[in-house]
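Welcome! Here are some exercises to work through with the structure open beside you. Try each task yourself before reading its solution.

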Amino acid sequence: MTALNRVPSLMARAGTASALTLAAVGGSIVVPGLSSDAAAATTATKALQVAASKKGAPYKWGATGPRRFDCSGLTLYSFKKAGKKLPRTAAQQYNTTRHISAKNRKAGDLVFFHSGSNVYHVGIYAGKGKIWHAPKTGDVVRLQKIWTKSVWYGRVS
């Protein structure tokens, strides 16, 4: 059986969260041994996949996972699992990222919601104008369209 013939069975074993992650980020499946340079996913892509795998986890103010999250707790947890350390709050995370324009945003960048100079919310950009985030009390981690133009973007380096 060739590597290409194994893709359907590998996809079946990958599970729902992986399929959802792939759909959210428009990714493709990397099959070990299929490509000699099957590059490891970037830190940002890994963090995005972690956030997507937490779909449905309840929001809890101050929570940093693994079962409950607030907005910055989700980004902190996701990047930690991807090998990068972030500070605790959305504002602190904004202050430690490399600020980028909307035009240069990429999947895996952080999206900071602000009112004036006050950063009050953060999510992980999933592409196509959507973010993975933990919205508010009574809600769950989910993929959602960015609902305002009052956002800044930051890249974790």
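**Exercise 1. Find the backbone oxygen that the side chain of Thr97 reaches, and describe the surroundings of Thr97.**

Solution.
- Step 1: Go to the loop between α5 and β1 (98–100), where Thr97 has its place. Helices (H or I, at least four residues) and strands (E, at least two) are DSSP runs, numbered from the N terminus.
- Step 2: Follow the side chain of Thr97 to the backbone oxygen of Tyr94, at 3.1 Å. A polar contact is a pair of N or O atoms within 3.5 Å; within protein, one must be able to donate a hydrogen and the other to accept it, and residues adjacent in sequence count only if both atoms are side-chain atoms.
- Step 3: Look at the cover. Thr97 has a relative accessible area of 9%, so it is buried. Buried means under 20% relative accessible area, exposed over 50%, and partly exposed in between, with a 1.4 Å probe and protein chains only.
- Step 4: List the contacts (heavy atoms within 4.5 Å). Setting aside neighbours within four places in sequence, Thr97 touches Leu110, Phe112, Gly154, Arg155 and Val156.

Before going on, a word on the model: it is predicted, local features need pLDDT of at least 70, side-chain atom pairs count only at pLDDT 80 or more, and totals for chains, interfaces and linings use all residues. Residues are numbered from 1 along each chain as its sequence is written, and side-chain values use heavy atoms, with hydrogens and water left out.

**Exercise 2. Work out how confident the predictor is along the chain.**

Solution.
- Step 1: Recall that pLDDT is the predictor's confidence in each residue, from 0 to 100.
- Step 2: Take the chain as a whole: the mean pLDDT is 82, and 74% of the residues reach 70 or more.
- Step 3: Turn to residues 1–40, where the pLDDT is below 50. Beyond near neighbours in sequence, this stretch has 23 contacts in the model.

**Exercise 3. Describe how Tyr94 and Phe112 are arranged, then do likewise for Phe113 and Trp147.**

Solution.
- Step 1: Start from the total, which is five aromatic pairs. Rings of Phe, Tyr and Trp (its six-membered ring) pair if their centres lie within 6.5 Å; planes under 30 degrees apart count as stacked, over 60 as edge-to-face and the rest as tilted.
- Step 2: For Tyr94 and Phe112, the ring centres are 5.1 Å apart and the planes stand at 80 degrees, so this pair is edge-to-face.
- Step 3: Place the two partners. Tyr94 belongs to helix α5 and Phe112 to strand β2, 18 residues apart, so the pair links distant parts of the chain.
- Step 4: Check their cover: Tyr94 is buried at 14% relative accessibility, and Phe112 is buried at 0%.
- Step 5: Now take Phe113 and Trp147, a stacked pair with 4.4 Å from centre to centre and 15 degrees between the planes. Phe113 is in strand β2 and Trp147 in the loop between β5 (142–145) and β6 (151–155), so the pair ties together parts 34 residues apart in sequence.
- Step 6: Compare the cover of these two: Phe113 is buried at 0%, whereas Trp147 is partly exposed at 43%.
- Step 7: Finish with the aromatic cluster that Tyr94, Phe112 and Trp152 form.

**Exercise 4. Trace the strands that pair with β3.**

Solution.
- Step 1: Begin with β3 itself, residues 118–127, where eight of the ten residues are buried.
- Step 2: Strand β2 (residues 110–115) runs antiparallel to β3, joined by six bridges. Two strands pair if DSSP finds at least two bridges between them. Ser115 stands opposite Asn118 in β3.
- Step 3: Two residues separate β2 and β3 in their hairpin, and Gly116 in the turn has a positive phi of about 65 degrees.
- Step 4: On to strand β4 (residues 130–133), which is antiparallel to β3 and joined to it by three bridges. Here Ile124 faces Trp132 in β4.
- Step 5: β3 and β4 also form a hairpin with two residues between them. Lys128, in its turn, has a positive phi of about 55 degrees although it is not a glycine. Lys128 is exposed, with a relative accessible area of 81%.

**Exercise 5. Name what covers the buried residues of α4.**

Solution.
- Step 1: Locate helix α4 at residues 71–81; nine of its eleven residues are buried.
- Step 2: The cover includes α3 (43–53), α5 (90–96), β2, β3 and β4.
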